[in-house]
Amino acid sequence: MASESSFDIVNKVDRQEVDNAVNQAGKEISQRFDFKNVDAGIKWSGENIDLQANTEERVNAVLDVFKDKLVKRQISLKGLDADEPKLSGKIYKITASISAGITQENAKKLSKLIRDEGPKGVKAQIQGEELRVSSKSRDDLQAVQSLIKGQDLDFAVQFVNYR
């Protein structure tokens with residue numbers, strides 16, 4: 001009668017939404033007056049996103065526009081890894097990447113948190129780049145979700161496959 005319910009804790013990023021954010025940022029940069037004649041731009045470079053402009057302040061402003069577009073598309077900035085501006089010829093460049101997946105170290109931290117502070121009888125298993133949480137009580141699972149949402153984690157998490 002009492003079957004186990006479970007859900008997975010993951011860190012997934014919708015590549016299409018990131019692509020939309022890059023395109024929207026590029027369009028805004030091409031139209032804004034303060035980006036005229038400063039060689040400002042944003043584009044994909046393999047798995048990374050390249051941002052450029054002719055001054056350090058302008059390239060940081062390009063990054064701010066990109067971050068704004070990510071937030072509007074519900075993509076967590078915790079997954080954004082942007083380098084410091086580097087001078088390349090006459091152009092300042094920033095290389096940014098979006099990380100996905102939960103590292104083994106972070107999965108262990110979450111698992112320990114659930115064991116220590118979560119309801120009794122809740123089990124957490126690391127499965128590759130995700131964490132499966134299971135319990136006989138759905139209320140306990142919801143308590144675990146609330147516990148994790150209340151933590152100040154340095155990576156983004158989503159809850160999927162709730163069954």
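**Entry: the hairpin**

For the notes below, two strands pair if DSSP finds at least two bridges between them. The model I have open is a predicted one. With that in mind I went to the hairpin of S2 and S3, which has two residues between the strands. S2 covers residues 41–45 and S3 covers residues 48–53. I find five bridges joining the two, in the antiparallel sense. For a cross-strand pair I picked Trp 44, which stands opposite Ile 49 in S3. In the hairpin I also checked the backbone of Gly 46, whose phi is positive, near 70°.

I then followed S3 to its pairing with S6, the strand made of residues 91–98. Here too the sense is antiparallel, over five bridges. Leu 51 stands opposite Ile 94 of S6. A reminder to myself before looking at side chains: in a regular strand they alternate between the two faces of the sheet.

**Entry: what sits over the rings**

Back to Trp 44, since I wanted to know what lies over its ring. The charged end of Arg 15 does, 3.8 Å from the ring centre. I noted another case at Phe 35, where Arg 58 lies over the face at 5.4 Å from the ring centre.

**Entry: positive phi without glycine**

Which residues other than glycine did I note with a positive phi? Asn 37 is one of them, with phi about 60°. I placed Asn 37 in the loop between helix H1 (15–31) and S2. Its relative accessible area is 76%, over the 50% cut-off, so Asn 37 is exposed.

Asn 161 is another, with phi near 55°. I find Asn 161 in the segment after strand S9, residues 158–160. Its relative accessibility is 41%, which falls between 20% and 50%, so I wrote Asn 161 down as partly exposed.

**Entry: the four-stranded sheet**

Next I traced an open sheet of four strands, ordered S7-S8-S1-S9, with antiparallel pairing. At its edges I have S7 (123–127) and S9, each of which pairs on one side only. Ignoring direction, neighbouring strands in this sheet are turned against each other by 30° on average.

I looked at the S7 end in detail. S7 and S8 (residues 130–135) run antiparallel and are joined by five bridges. Ala 124 stands opposite Val 133 in S8. On the sheet I see helix H4, residues 138–149, packed against it and touching S1 (5–10), S8 and S9. The direction of H4 makes about 15° with that of S1.

**Entry: aromatic pairs**

How many aromatic pairs does a search of the whole structure find? I get two. The pair I worked through is Phe 7 with Phe 159, with ring centres 5.5 Å apart and planes at 85°. That angle is over 60 degrees, so I call the pair edge-to-face. Phe 7 is in strand S1 and Phe 159 in strand S9, 152 residues apart, so the pair links distant parts of the chain.

Are these two phenylalanines buried or exposed? Phe 7 has a relative accessible area of 0%, under the 20% cut-off, so it is buried. Phe 159 comes out at 23%, which makes Phe 159 partly exposed. Last item for the day: Phe 7 and Phe 159 form one aromatic cluster together with Tyr 162.

Terms used
Residues are numbered from 1 along each chain as its sequence is written. This is a predicted model: local features need pLDDT of at least 70, side-chain atom pairs count only at pLDDT 80 or more; totals for chains, interfaces and linings use all residues. Side-chain values use heavy atoms; hydrogens and water are left out. Buried means under 20% relative accessible area, exposed over 50%, partly exposed in between (1.4 Å probe, protein chains only). Axes are lines fitted to C-alpha atoms, for helices over the stretch in contact, and angles run from 0 to 180 degrees between N-to-C directions. Contact means heavy atoms within 4.5 Å. Rings of Phe, Tyr and Trp (its six-membered ring) pair if their centres lie within 6.5 Å; planes under 30 degrees apart count as stacked, over 60 as edge-to-face and the rest as tilted. A charge sits over a ring if NZ of Lys or CZ of Arg is within 6 Å of the ring centre and within 35 degrees of the ring normal.
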